[in-house]
Amino acid sequence: MSIRPLHDRVIIKRIEAERTTASGIVIPDSAGEKPDQGEVLAVGNGKILENGSVRPLDVKVGDRVLFGKYAGQTVKVNGEEVLVAREEDILGVIEK
Amino acid sequence: MSIRPLHDRVIIKRIEAERTTASGIVIPDSAGEKPDQGEVLAVGNGKILENGSVRPLDVKVGDRVLFGKYAGQTVKVNGEEVLVAREEDILGVIEK
Amino acid sequence: MSIRPLHDRVIIKRIEAERTTASGIVIPDSAGEKPDQGEVLAVGNGKILENGSVRPLDVKVGDRVLFGKYAGQTVKVNGEEVLVAREEDILGVIEK
Amino acid sequence: MSIRPLHDRVIIKRIEAERTTASGIVIPDSAGEKPDQGEVLAVGNGKILENGSVRPLDVKVGDRVLFGKYAGQTVKVNGEEVLVAREEDILGVIEK
Amino acid sequence: MSIRPLHDRVIIKRIEAERTTASGIVIPDSAGEKPDQGEVLAVGNGKILENGSVRPLDVKVGDRVLFGKYAGQTVKVNGEEVLVAREEDILGVIEK
Amino acid sequence: MSIRPLHDRVIIKRIEAERTTASGIVIPDSAGEKPDQGEVLAVGNGKILENGSVRPLDVKVGDRVLFGKYAGQTVKVNGEEVLVAREEDILGVIEK
Amino acid sequence: MSIRPLHDRVIIKRIEAERTTASGIVIPDSAGEKPDQGEVLAVGNGKILENGSVRPLDVKVGDRVLFGKYAGQTVKVNGEEVLVAREEDILGVIEK
């Protein structure tokens, strides 16, 4: 069982940031608009534009992404929490 | 007797989430912007775009969908409550 | 004497919901964004789009419609109250 | 001396509603977003659309119109109060 | 020394309303969204539309115009106060 | 060292208004949305429109401009404060 | 490891302003909407416009930029804080 997101939404599995790893991306602990990261599990078919066309998303399944902490909504699939967010809420893709 | 939704609206019958099933989608009990799920009973003819065209919806009758808890409006048809929401409020389609 | 609504507005005569009929549409009594229903008495010539075209409405005279409780404005014609609302405020058409 | 309204604005002379006439349009006395009525004295040359074209108005001089009570601004011309409103604020045209 | 307004802005010299003249336009004294009047001293080259074109204004130098009391910003040129407003804030042109 | 503004932004050096000069532009001392003036030091390459085109600005380097008092953001370049504002915030160009 | 920003976002490394250098850009110490500066580390592939096209950004890697103090979100990469902002939040490029 899985979720197929609509339009410009993506399904993200949050990944615990390696907060103590010097060479990794570390999320600050202070409160506020802090980003978070996760792996993309599924992507929608694209964003619907006002001219009627559909623009495919730039993120793909398997991407590790950064997103705003309060972006999207959390649901549980197979007992595991996932995030349903819009591509717009994704700040960037983490590359190695 | 049934409701034919207009434009980008859909009629959804809420489904009680199997909150104790480990392999199913489980909605968290905490308060807030929690998603919910249901079965699509009817869909509008499409979203009206600013260029005058009508874009058919991506959800179809029979789809099991996730949506924001406070999305849409609840009405009763034949003594049974249904939700009238916009496709925009639907987070994704649950696939098996 | 009658009212010819402009653009995407419609004139609706509210219909008392059969709140005690098990097989009919029953509006919940609790407060909030509850829908209501009525019969369409007149429709505007269409919604004006930004490209200058006019899109005819999808509801027609005689349709029984559901709408948001606080949609539109109430006026009296020939001693009878009617609702002037936008098609956008109509949730769906009740079919038998 | 008269006012030539710009674009999608119209000049309206308010008409006292025949509140006690059973067959006429009667405005409810309760407070709130109550409509009112009047006669159109002048209309603008049309609404400017984002594509640069100008769309002529649907109301014309002499029309008796319904509008939202708080629509527009009231000015005095030749000692007589008139309303300057947008066509958008007009709910409909009263026909006999 | 003068001000050349940009785009859809106009320079207006306020004219004291003949409040006691029965045949002139008289501005009510009560507080609120009351219109005012003035003479157009200069007009911008036109409103920039989203399609990249520029639409010339409908008011011209010398026009006597009505505008919302709180529209625009007041500056002093050559010791005389003028109003810099958008054409959108102008309710109409006073014709004789 | 200088700042090249992006898109529809301009760099402005504020000019003290000659508040006591009868023939100059004098800014009123009262609080509120008071305009101010300055000289344009640099202009962006143009405003990006939704159709993808770029519209060059109407103000140019050397123009003396009026702008809203709270428009833009103040930064210091070479020890001197300048204002970074959008062309939209400029009310007009002062001509002699 | 690095972040590839999406669409119109850029990755910026904040640079401490030389607040005591007379010839450098000095950020005022007072509170409010104060700009800040930094070096662009990465840029998105472009802003998605409503007509479906993608417009490449005007800032490039290596640019020294000014931005609003509260723009974007701060994350840590390799133990170093960077800012993820939209090009829209960038006031200008500092040139020497």
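**Exercise 1. Find the volume of the largest cavity in this predicted model, then describe its lining.**

Solution.
Step 1: The largest cavity has a volume of about 60 Å³. The structure holds three cavities of 30 Å³ or more.
Step 2: List the lining. Chain D supplies His7(D) and Ile48(D). Chain E supplies Asp8(E), Lys47(E), Arg55(E), Pro56(E), Leu57(E), Glu87(E) and Glu88(E).
Step 3: Sort these residues. Five are charged, three are nonpolar and one is polar.

**Exercise 2. Describe the largest pocket: what is its volume, and which residues lie nearest its centre?**

Solution.
Step 1: Its volume is about 470 Å³.
Step 2: The lining of this pocket has 14 residues. Nearest the centre lie Glu50(A), Glu50(B), Glu50(C), Glu50(E) and Glu50(G).
Step 3: Sort the lining. Seven residues are polar, seven are charged and none is nonpolar.

**Exercise 3. Describe the interface of chain A and chain B, from its contacts to the strands of chain A.**

Solution.
Step 1: Count the residues. In chain A, 24 residues are in contact with 26 residues of chain B.
Step 2: State the area. The two chains bury about 2,300 Å² between them, with 52% of it on carbon and sulfur atoms.
Step 3: Look for salt bridges. There are two between these chains. One of them joins the side chains of Arg86(A) and Glu88(B), at 2.6 Å from N to O.
Step 4: Add the polar contacts. Nine residue pairs make them across this interface, both residues at pLDDT 80 or more.
Step 5: Turn to chain A. Strand 1 (2–5), strand 7 (73–77) and strand 8 (80–86) each supply at least two residues of the side that touches chain B. Strand 7 gives the most, with five residues.
Step 6: Sort that side of chain A. It divides into 10 nonpolar, nine polar and five charged residues.

How values were computed: Residues numbered from 1 in each chain as written. Chains lettered and ligands numbered in written order. Predicted model: local features only at pLDDT ≥ 70, side-chain atom pairs only at ≥ 80, totals over all residues. Heavy atoms only, no water. 1 Å grid on protein atoms, 1.4 Å probe; cavity = no way out; pocket = protein on both sides within 12 Å on 5 of 7 lines; lining within 4 Å. Points joined across faces, edges and corners; volume = space filled by probe spheres on them. Nonpolar A, V, L, I, M, F, W, Y, C, P; charged D, E, K, R; others polar. Contact = heavy atoms within 4.5 Å. Buried area = accessible area lost by both parts, 1.4 Å probe. Salt bridge = Lys/Arg side-chain N within 4 Å of Asp/Glu carboxyl O. Polar contact = N/O pair within 3.5 Å; in protein donor to acceptor, adjacent residues only side chain to side chain. Helix = DSSP H or I, 4+ residues; strand = E, 2+ residues; numbered from the N terminus.
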